[in-house]
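Subject: The model you asked about

Hi,

Here is the structure I promised to pass along. Have a look at it first, then read my notes below.

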Amino acid sequence: MSMIFFACVVRVRDGLPLSASTDFYHTQDFLECRRRLKSLGLRLAQYPGRGSAEGRDFSIHFSSSGDVACMAICSHQCPAAMAFCFLETLWWEFTASYDTTCIGLACRPYAFLEFDSIIQKIKWHFNYVSSSQMKNSLEKIQEELQFQPPVVLTLEDTDVANGMMNGHTPMHLEPGNCEAPNFRMEPVTALGILSLILNIMCAALNLIRGVHLAEHSLQVAHEEIGNILAFLIPFVACIFQCYLYLFYSPARTVKVVLMLLFICLGNMYLHGLRNLWQILFHIGVAFLSSYQILTRQLQEKQSDYGV
């Protein structure tokens with residue numbers, strides 16, 4: 001008797017389906033479970049590595065590690081250890097077939113990665129090979145589940161999660177059962193890349209001058225300490241500007257203004273060690289980077305994919 005009905009591989013950060021089995025059942029319960037699996041797939045980044053969504057006739061099990069998660073629809077009678085053993089085997093096979101670059105570059109619209117035949121083979125093995133032949137693997141997974149139980153949801157929870165993503169329903173999770181939200185930024189632009197390069201160059205110049213000055217600080221008057229800080233503080237500010245451009249951070253505007261202020265004040269303090277054109281170059285790069293950070297917005301997740 002089949003206990004594993006459907007399986008798919010998704011990208012954790014955005015729920016993008018990478019491959020799926022071609023199994024299809026026309027029962028209403030199964031179709032409803034497939035719909036809820038899609039909703040849950042969009043939220044995998046906020047859950048621990050293993051979890052289950054329990055329903056009346058079917059259950060959804062998921063297992064994620066790194067960039068890839070495997071999900072399965074199983075019968076309610078399927079033991080959790082067998083489901084997670086299946087998902088772990090599927091994960092190892094998929095990550096052995098495709099590297100992180102291939103996974104990271106996948107985007108809509110695209111064709112599924114060729115993996116259905118392997119999914120079918122593994123699914124057949126777990127559905128029709130006796131449990132005694134998989135005893136060692138099942139015992140290992142069972143011990144892991146006892147040591148670190150998977151998060152348990154209901155299928156209704158997946159709709160609540162989907163509603164929260166669309167701004168309709170707040171979702172309350174227990175502390176420690178989820179990770180921080182995974183925000184996606186808009187694509188990096190050519191001007192943004194230029195600002196990053198210039199910012200890294202300014203940071204390198206500040207670091208080199210600051211370290212060179214610090215090497216002689218013991219033999220020089222204490223006034224040099226101010227010059228050293230005027231080089232090193234803008235160095236840190238430039239690096240942090242690069243971070244703010246590449247990754248989302250709360251209170252972004254306040255941080256951008258502070259970094260810009262540190263860079264401007266540091267360069268003004270260095271008047272004499274740097275000529276006017278050098279100071280204007282550093283401040284100009286800081287303004288360009290600040291503008292690029294503030295204009296790069298969060299990207300909305302797409303939910304209309306078909307697994």
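Below is what I found, starting with how far to trust the coordinates.

This is a predicted model, so please keep the confidence values at hand. The mean pLDDT of the protein chain is 79, with 80% of its residues at 70 or more. Helix 10 has the highest confidence, at 92, while helix 6 (residues 155–165) has the lowest, at a mean of 54. Two stretches stay under 50: residues 160–182, for which the model has 36 contacts beyond four places in sequence, and residues 300–307, which have 21 such contacts. Where pLDDT is low, the predicted coordinates should not be read in detail.

Now for strand 1. All of it is tucked away: 8 of its 8 residues are buried, so the rest of the structure largely encloses this strand. Strand 1 runs antiparallel to strand 5, and 7 bridges join the two. One of the facing pairs is Ile4 with Cys74 of strand 5. Strand 1 also pairs with strand 2 (residues 17–20), again in the antiparallel sense, over 3 bridges. There, Val9 has Ser19 as its bridge partner. The hairpin of strand 1 and strand 2 has 5 residues between the strands, and Gly15 in this hairpin takes a positive phi near 75°.

Val9 turns up again in the packing. The largest nonpolar core has 32 residues, and Val9, Phe86, Leu90, Phe94 and Phe126 are those with the most contacts inside it. At least two residues each come from strand 1 (4–11), strand 5 (68–75), helix 2 (80–97), helix 4 (116–128) and helix 5 (135–147). Helix 2 gives the most to this core, with 10 residues. If you want one residue to click on, try Leu90: leaving out residues up to four places away in sequence, Leu90 touches Ala7, Val9, Cys70, Phe115, Ile119 and Ile122. Apart from that core lies another, of 22 residues, including Phe6, Val10, Leu37 and Leu153.

Leu153 leads to strand 6 (residues 151–154), where the side chains alternate. Val151 and Leu153 point to one face and are buried, whereas Val152 and Thr154 point to the other and are not. Strand 6 runs parallel to strand 3 (residues 50–54), and 4 bridges join them. Ala53 is the residue opposite Leu153.

Further along the chain, the unreviewed UniProt entry lists residues 188–208, 228–246, 253–270 and 276–294 as "transmembrane region". I checked two of these segments against the model. Residues 228–246 are 100% helix and 0% strand, with the end C-alpha atoms 28 Å apart. Residues 276–294 are likewise 100% helix and 0% strand, and there the end C-alpha atoms are 27 Å apart.

One last residue for you: is Arg274 buried or exposed? Arg274 sits in the loop between helix 9 (252–269) and helix 10 (276–295). With a relative accessible area of 5%, Arg274 counts as buried, because the cut-off is under 20%. The side chains of Arg274 and Asn267 are joined by a polar contact of 2.7 Å. Beyond its neighbours within four places in sequence, Arg274 is in contact with Leu205, Asn206, Phe231, Asn267, Ile279 and His282.

Cheers

Terms used. Residues are numbered from 1 along each chain as its sequence is written. Side-chain values use heavy atoms; hydrogens and water are left out. A nonpolar core is a set of buried Ala, Val, Leu, Ile, Met, Phe, Trp, Tyr and Cys residues joined through side-chain atoms within 4.5 Å. Buried means under 20% relative accessible area, exposed over 50%, partly exposed in between (1.4 Å probe, protein chains only). Contact means heavy atoms within 4.5 Å. A polar contact is a pair of N or O atoms within 3.5 Å; within protein, one must be able to donate a hydrogen and the other to accept it, and residues adjacent in sequence count only if both atoms are side-chain atoms. Two strands pair if DSSP finds at least two bridges between them. pLDDT is the predictor's confidence in each residue, from 0 to 100. UniProt positions are given in the numbering used here, feature names are shortened, and annotations may be inferred rather than shown by experiment.
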